[in-house]
Amino acid sequence: MAVNTIDAKMLAKMFLAGAKNLESKKEWINELNVFPVPDGDTGTNMTLTIMSAAKDVAAMNANNDLDMKSLAKAISSGSLRGARGNSGVILSQLFRGFTKAIRDYDTIDIPLLAEACEKAVETAYKAVMKPKEGTILTVAKGAYEKAAEYAGTEDMDVFIDAIIVYAQEVLDKTPDMLPVLKQAGVVDSGGQGLLEVLKGAQKAFRGEELDLSIDMTKTPVKRNNI
């Protein structure tokens, strides 16, 4: 029987799996980084951003202290607190919008998940003064468009898979949107980072055996002005 809802415990697992998958691809994503400047730190910045929230989520998970509202707050405030660089800030805004849509519900069904994807994209675009297509924003928007298209499906696995497949298609087209990517022969690094988060989350949803332990000792320096 198809699983059609996600509760707080499952969402926590999906978030931690997404964070771990991004962390494992960090150096590769750094190598893709040529836009907006080729400073090779997109993977690092996105990882620092998501891991700031993952530490809070892991602590809640270990204490079995999970409800959707507190989980949403941990994901949103943790990622905002840890946000680094353009890609990290955008990722934190995606989480902020997403969690705003789901925080008042005990479980997430497919229409609500589609709505949360819309809110995530809307929030991230508003946070960027001059949104540029061919970036993480474009990949996120593609994911939302497919979510809206599949909002009427009755199988969460089909829904999530459709989003990831289409997000990959959009990512593959980013070099056609940004000449600097085509010149370097790479896809957008931030978009690749987002896709790795989604792929990790999908593995957890499908029940794959994953190491979801988070190293609590690697704490980045907190910045109080965020």
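Asp-161 and Arg-206 pair up through their side chains in a salt bridge, with N and O 3.4 Å apart. Because Asp-161 sits in helix α8 and Arg-206 in the segment after α11, this contact ties together parts of the chain that are 45 residues apart in sequence. Please keep in mind that the model is predicted. In total, the structure holds 11 salt bridges, and a few of them are worth a closer look below.

**Around Arg-206**

- Arg-206 also forms a salt bridge with Asp-157, where the closest N and O atoms are 2.8 Å apart.
- This second pair links distant parts of the chain as well, since Asp-157 belongs to helix α8 (residues 156-172) while Arg-206 follows α11 (189-205), a separation of 49 residues.
- Arg-206 is partly exposed, at a relative accessible area of 42%.
- Its partner Asp-157 counts as partly exposed too, at 25% relative accessibility.
- For Asp-161, the relative accessibility is 29%, so this residue is likewise partly exposed.

**Within helix α6**

- Salt bridges with shared partners join Lys-119, Glu-122 and Lys-126 into one network.
- One of the links is the salt bridge between the side chains of Lys-126 and Glu-122, at 3.6 Å from N to O.
- Both Lys-126 and Glu-122 lie in helix α6 (residues 110-127), where they are 4 residues apart, or about one turn of the helix.
- Lys-126 is exposed, because its relative accessible area of 67% is over the 50% cut-off.
- Glu-122, at 34%, is partly exposed.

**Overall fold and dimensions**

- The chain has 11 helices and 2 strands, and their order along the sequence is β-α-α-α-α-α-β-α-α-α-α-α-α.
- The radius of gyration is 16 Å, close to the 17 Å that the globule rule gives for 226 residues, so the chain is as compact as a globular protein of that length.
- Measured out along the principal axes, the C-alpha atoms fill a box of roughly 45 × 40 × 35 Å.- Among contacts with a separation of 6 or more, 73% are between residues 24 or more positions apart.

**Surface and charge**

- Of the 226 residues in the chain, 49% count as buried.
- The accessible surface of the chain comes to about 10800 Å², and carbon and sulfur atoms contribute 52% of that area.
- The chain carries 27 positive and 31 negative charges, and the mean positions of the two groups are 7 Å apart.

Note on methods: Residues are numbered from 1 along each chain as its sequence is written. This is a predicted model: local features need pLDDT of at least 70, side-chain atom pairs count only at pLDDT 80 or more; totals for chains, interfaces and linings use all residues. Side-chain values use heavy atoms; hydrogens and water are left out. A salt bridge is a side-chain nitrogen of Lys or Arg within 4 Å of a carboxyl oxygen of Asp or Glu. Buried means under 20% relative accessible area, exposed over 50%, partly exposed in between (1.4 Å probe, protein chains only). The radius of gyration is taken over C-alpha atoms; the globule rule is 2.2 Å times the number of residues to the power 0.38. Contact means heavy atoms within 4.5 Å. Accessible areas come from the Shrake-Rupley method with a 1.4 Å probe; for residues, only the protein chains shown count as cover. Lys and Arg count as positive and Asp and Glu as negative; His and the chain ends are not counted. The place of a charge is taken as NZ of Lys, CZ of Arg, CG of Asp or CD of Glu.
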